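Colleague: Please take a close look at the strand-bearing part of this chain, and at what packs against it. A connected account would suit me better than a list.

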Amino acid sequence: MAKEKTLFACTSCGYETSRWVGKCPGCGAWNTMEETVAAPAAASAKPARQRPGTGAQACLLKDVPEDNQIRITTGISELDRVLGGGIVEGGLMLIGGDPGIGKSTLLLQVCANLAKDGKRVLYVSGEESARQLKLRARRLGIDVPNLYVLAENALDNVEEKLGQLQPDVAVVDSVQTMYRPELASAPGSVSQIRECTSLIMRLCKESGTAIFLVGHVTKEGNIAGPRMLEHMVDVVLYFEGDQQQEYRLLRAVKNRFGSVNELGVFQMTEEGMQMVPNPSERLLSRRAKGASGSVVYCGIEGSRPLLCDVQALAAQSYFGTPRRTVGGADTGRVSLLLAVLEKRAGQKLYNQDVYINVAGGLELSEPAADLALCMAVVSSLKDMAVGAEVAVMGEVGLAGEVRAIPHCDRRVAECQRLGFTTVLLPRENLRRLKTPEGMKLIGVDTVMQAASVLF
């Protein structure tokens with residue numbers, strides 16, 4: 001009996017080698033090589049043939065017919081916003097997130113809404129049985145007679161059912177559980193995930209069915225282990241948030257049909273995922289007014305202005321090296337801003353432990369949040385509270401200067417809508433803005449000037 005041939009495949013990039021190595025030659029990751037059984041060679045001398053192509057002919061771009069009805073609304077406006085306006089016909093979309101974050105719940109609600117609108121929808125589950133899906137639907141209050149459910153993880157059978165039903169939208173939950181019987185490796189391995197995703201992508205493009213793939217996030221933060229899935233699909237969405245909190249953030253990482261900067265806010269309830277139409281008001285509803293170290297900042301997430309509470313705590317350090325703990329912002333950027341405060345604004349932070357937190361689980365990635373972070377630290381250091389109706393925004397340079405930020409008019413309008421009467425912003429933006437009625441806009445040039453205005 002011939003000995004089985006084994007290969008070592010990287011779980012991060014899919015690189016294969018005949019022997020084990022500690023560091024992957026493909027991506028440079030350590031301890032990611034796993035042993036797999038190679039597919040046995042065919043008994044006959046005739047080589048295995050790949051699936052034939054579509055046989056399409058080349059044509060001029062101007063001759064391609066346009067279709068204005070290619071998007072399908074999901075009935076959930078927050079999801080439509082992140083997708084760029086709705087589901088695109090023939091699109092392959094990947095939704096990733098930690099187990100239990102709410103991916104399957106949201107997609108089951110989407111399937112129910114589409115079925116109510118007369119669309120043919122198929123929900124394929126490789127993790128739950130049909131009875132378990134029925135119990136989940138009953139808990140969510142879903143009672144749709146024309147929603148098809150298939151509990152199957154053999155992709156060849158799934159392909160056959162997709163060909164018979166010809167659904168408009170399908171869900172595959174999850175891609176780690178799918179497998180092709182002709183491959184010797186186990187479900188969830190690199191080769192299985194690669195082949196299954198490749199087949200599903202072909203089905204999308206040939207049939208025009210829009211398919212959602214569900215992928216769990218590993219401890220390294222990658223969807224379904226290897227990142228090779230992200231370039232094969234059209235849309236990559238990440239579900240963020242702590243399972244112990246009620247808010248969930250849906251963010252687009254890749255989107256061939258829209259912007260990648262959009263953000264959807266959901267709330268986990270007993271009835272499933274509920275939209276949060278006014279997230280700024282929700283994020284500020286529990287703000288501790290009159291407390292030092294708290295500053296309101298207005299950021300831009302895609303096309304949406306979003307107010308959040310930036311918190312800082314400066315306490316005397318009893319260690320040789322003061323602590324710098326940051327949540328919701330870049331640690332390197334915060335260290336830079338603390339150095340600017342000490343050098344340019346005269347704030348003594350060399351013996352202070354500094355803790356930064358952005359309430360609500362948001363991640364501040366744009367430089368416009370620099371001034372708010374600085375003022376929060378100064379507020380805590382001086383133990384003086386910023387006014388409850390004051391918002392702060394602006395980019396800070398190494399010389400301590402406050403630079404202009406984009407979309408300042410939309411930020412100010414959002415602050416006015418939520419009742420803020422004073423906005424501290426760069427002076428350069430103030431020159432190009434018309435002050436709204438009932439508001440006071442204060443322009444500053446340096447961090448020192450901003451601190452003297454607020455305190």
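Modeller: Strands (E, at least two residues) and helices (H or I, at least four residues) are DSSP runs, numbered from the N terminus. Two strands pair if DSSP finds at least two bridges between them. The model is predicted, so local features need pLDDT of at least 70 and side-chain atom pairs count only at pLDDT 80 or more, while totals for chains, interfaces and linings use all residues. Residues are numbered from 1 along each chain as its sequence is written, and side-chain values use heavy atoms, with hydrogens and water left out.

I start with the three-stranded sheet. Its order is S2-S1-S3, the sheet is open and the pairing is antiparallel. Strand S2 (16-17) and strand S3 (33-37) are the edge strands, each pairing on one side only. Strand S1 (residues 6-10) runs antiparallel to S3 and is joined to S3 by five bridges. Within that pairing, Ala9 stands opposite Glu34 of S3. The loop between S2 and S3 holds Asn31, whose phi is near 55°, a positive value in a residue other than glycine. Most residues other than glycine have a negative phi, and most peptide bonds are trans. Asn31 is exposed because its relative accessibility is 62% (exposed means over 50% relative accessible area, buried under 20%, partly exposed in between, with a 1.4 Å probe and protein chains only).

Cys10, at the other extreme of accessibility, has 0% and therefore counts as buried. No disulfide (a pair of cysteine sulfur atoms within 2.5 Å) turns up when the whole structure is searched. Cys10 is accordingly in none, although the sulfur of Cys24, the nearest cysteine sulfur, is 3.6 Å away.

The second sheet has nine strands. It is also open, with the order S8-S7-S9-S10-S6-S11-S12-S13-S14 and mixed pairing. Its edge strands are strand S8 (147-151) and strand S14 (272-275), and each of these pairs on one side only. From one strand to the next the twist averages 25° (axes are lines fitted to C-alpha atoms, for helices over the stretch in contact, and angles run from 0 to 180 degrees between N-to-C directions). One parallel pairing in this sheet is that of strand S6 (residues 92-97) with strand S10 (residues 210-216), through six bridges. Leu94 has Leu213 as its bridge partner in S10.

Helix H2 (residues 103-116) lies across several strands of this sheet, including S6, S8, S10 and strand S7 (121-125), and runs at about 155° to S7.

Now the stretch that leads out of S9. The peptide bond from Asp173 to Ser174 is cis, with omega near 0°. Ser174 sits in the loop between S9 and H5. On the other side of S9, the loop from helix H4 (155-165) contains Gln166. Gln166 has a positive phi near 50° and is not a glycine; at 43% relative accessibility, Gln166 is partly exposed.

H5 comes next. Its 18 residues reach 26 Å from first C-alpha to last, close to the 26 Å expected at 1.5 Å a residue (the expected span is 1.5 Å times one less than the number of residues). Among its buried residues are Val190, Ile193, Cys196, Leu199, Ile200 and Leu203. Just after H5, Gly208 takes a positive phi of about 80°.

Which residues does Thr197 touch, neighbours within four places in sequence aside? They are Leu92, Val175, Leu213, Leu229 and Met232 (contact means heavy atoms within 4.5 Å). Thr197 lies in H5 (residues 190-207) and is buried, with a relative accessible area of 0%. Cys196 is buried as well, also at 0%. Its sulfur is 13 Å from the closest cysteine sulfur, that of Cys204, so the two are too far apart for a bond.

Last, the nonpolar cores (sets of buried Ala, Val, Leu, Ile, Met, Phe, Trp, Tyr and Cys residues joined through side-chain atoms within 4.5 Å). The largest has 61 residues, and those that touch the most other members are Tyr297, Leu341, Leu371, Met375, Met393 and Cys415. Helix H9 (residues 370-382) supplies the largest share of this core, eight residues. A second, separate core of 37 residues includes Ile101, Ile142, Phe212 and Leu237.
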